[in-house]
Amino acid sequence: MSEPEEPNVPVPSAASDTENATAATPGIDIHTTAGKLADLQRRIEEAKHAGSARAVEKQHAKGKLTARERVDLLLDEGSFVEFDEFAQHRSTNFGLDANRPYGDGVVTGYGTVDGRPVAVFSQDFTVFGGALGEVFGQKIVKVMDFALKTGCPVIGINDSGGARIQEGVMALGMYGEIFRRNTHASGVIPQISLVVGPCAGGAVYSPAITDFTVMVDQTSHMFITGPDVIKTVTGEDVGFEELGGARTHNSTSGVAHHMAGDEKDAIEYVKSLLSYLPSNNLSEPPAFPEEADLALTDEDRELDTLVPDSANQPYDMHSVIEHVLDDAEFFETQPLFAPNIVTGFGRIEGRPVGIVANQPTQFAGCLNIDASEKGARFVRTCDAFNVPVITFVDVPGFLPGVEQEHTGIIRRGAKLIYAYAEATVPLITVITRKAFGGAYDVMGSKHLGADLNLAWPTAQIAVMGAQGAVNILHRRTIAAADDQEATRAQLIQEYEDTLLNPYTAAERGYIDAVIMPSETRSHLVRGLRQLRTKRESLPPKKHGNIPL
């Protein structure tokens, strides 16, 4: 366990005296019914102010909300029902028995978001620096078990310096209990992690297992070992932000899915994300059914001129995505990580869909390790939660290079194959331009089990691009020619005319239809209507062995 961001020591609180929890309040006779009711109210108030006024003031001074303020912001007003409000730790080590605040540093319970049930836990940095101890962990375990039994999403709000050092192995054991429940709940109920402060040491592995992680710029930090330990062990001098800040994990590591400007933005993102996901794997995502008007519009016709004449000229795939989605609303995930592939959610006829698309403006849309893993994880998330996947393809291949090969592009690129091949949700693929080599297969091809495969007339489906193919096929012819450049240009043109089109694939049924770009939304609408009754199951097995 790494050193936490701030010293992991008892923080003075409103319940800093062991006897506070049981001592009678002056003026209240706890032997009468009225006295017992008054005593309960006193305890409730004490639990709500477990962190000292000074600790709360420090939290606000950093631009951070308290644990309860975050819960109130997330849930519908008045819907929160709290668990274990009066829980207290039982440790006597290092003077902890003199400080037993109610709640033990984490707020847990359930409520609703937009009227839909969710479970939540919110770590309280104003109590013991949010450090996890035995009772703290037991509260999180209980609310996770409750979410799994009732089939509702669980949202974890993380703001903690790590394990409570004073409680030793009990804290470590509770981390393990949480990790196990994260794993068992994976693919059963949506799990979303909000990191709104430090998340250090072993604590980072719970968000890492969950489906989505949201961080706040400048205030969120995730790392296994902190800057001081790293400097001692390796000599590297690195700050909190560079090591594990929101920008680092959104753009470099890919651990996070969204970088929020502040906590309110982060919570709004989570609310929007929930609107695309079902409560559990046995239910359908929330829908707002509305029949689409399939008549072509001027906006639809804009797609007919989107792809440039030159195959080497890029265009923004976001334009294609926004043209086919309801109200052009695209909810992107991981926009800063592996931007050569685009992932996110939208709606078609009011029903959620997942989007996976190559992005020609980044690395010409090539797949690399990061893009493969980003795409694979997103496809599997959609498949787990019954969200159809629409794939837009413009991929010249896998990114070449020694570094890519040595860091495992074969093994890690195979994850994308695995994700598409095991998916049983409706799968529709649209090839807009390039679909070369193995990357054609990987990106939701008919061969991996896609239900409907469409292509624009601009599609180029081949083993490789024309220039590379001609250089291999006609090396001797070009070398023997008097005008090598003219000969090469002529052969390239012949190759393009013969093979760089969608019709050879269509002839063999690998493409179900070649369509006008302007008709893409119409085809997607009709296809998704038909695929609502899709039923497909995989061979019986304990689980597959994805190439991790």
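Ser91 touches Leu96, Asp97, Gln166 and Glu167 when residues up to four places away in sequence are not counted, and in this predicted model Ser91 is found in the loop between β1 (81-83) and β2 (106-113). Because its relative accessibility is 9%, below the 20% limit, Ser91 counts as buried. The C-alpha atom of Ser91 is separated by 9.5 Å from that of Val135, although the two residues lie 44 residues apart along the chain.

Strand β5 (residues 191-200) is mostly covered, with 10 of its 10 residues buried, and its pairings with β4, β6 and β7 are set out below.

| Strand paired with β5 | Bridges | Sense | Bridge partners |
|---|---|---|---|
| β4 (residues 154-160) | 6 bridges | parallel | Asn158 and Val195 |
| β6 (residues 212-216) | 4 bridges | parallel | Ile192 and Phe212 |
| β7 (residues 221-223) | 3 bridges | parallel | Pro198 and His221 |

Between β4 and β5 the chain passes through helix α5 (residues 169-185), and the β-α-β crossover formed in this way is right-handed.

Turning to the nonpolar cores, the largest one comprises 58 residues, and those with the most contacts inside it are Ile155, Phe345, Leu367, Ile431 and Met443. Helix α10 (residues 263-274) gives the most to this core, contributing 6 residues. Another core, of 29 residues, lies apart from it and includes Leu132, Ala171, Ile178 and Ile189.

Definitions and conventions
Residues are numbered from 1 along each chain as its sequence is written. This is a predicted model: local features need pLDDT of at least 70, side-chain atom pairs count only at pLDDT 80 or more; totals for chains, interfaces and linings use all residues. Side-chain values use heavy atoms; hydrogens and water are left out. A nonpolar core is a set of buried Ala, Val, Leu, Ile, Met, Phe, Trp, Tyr and Cys residues joined through side-chain atoms within 4.5 Å. Buried means under 20% relative accessible area, exposed over 50%, partly exposed in between (1.4 Å probe, protein chains only). Helices (H or I, at least four residues) and strands (E, at least two) are DSSP runs, numbered from the N terminus. Contact means heavy atoms within 4.5 Å. Two strands pair if DSSP finds at least two bridges between them. A crossover is right-handed if, with the strands pointing away from the viewer, the path from the first strand over the helix to the second runs clockwise.
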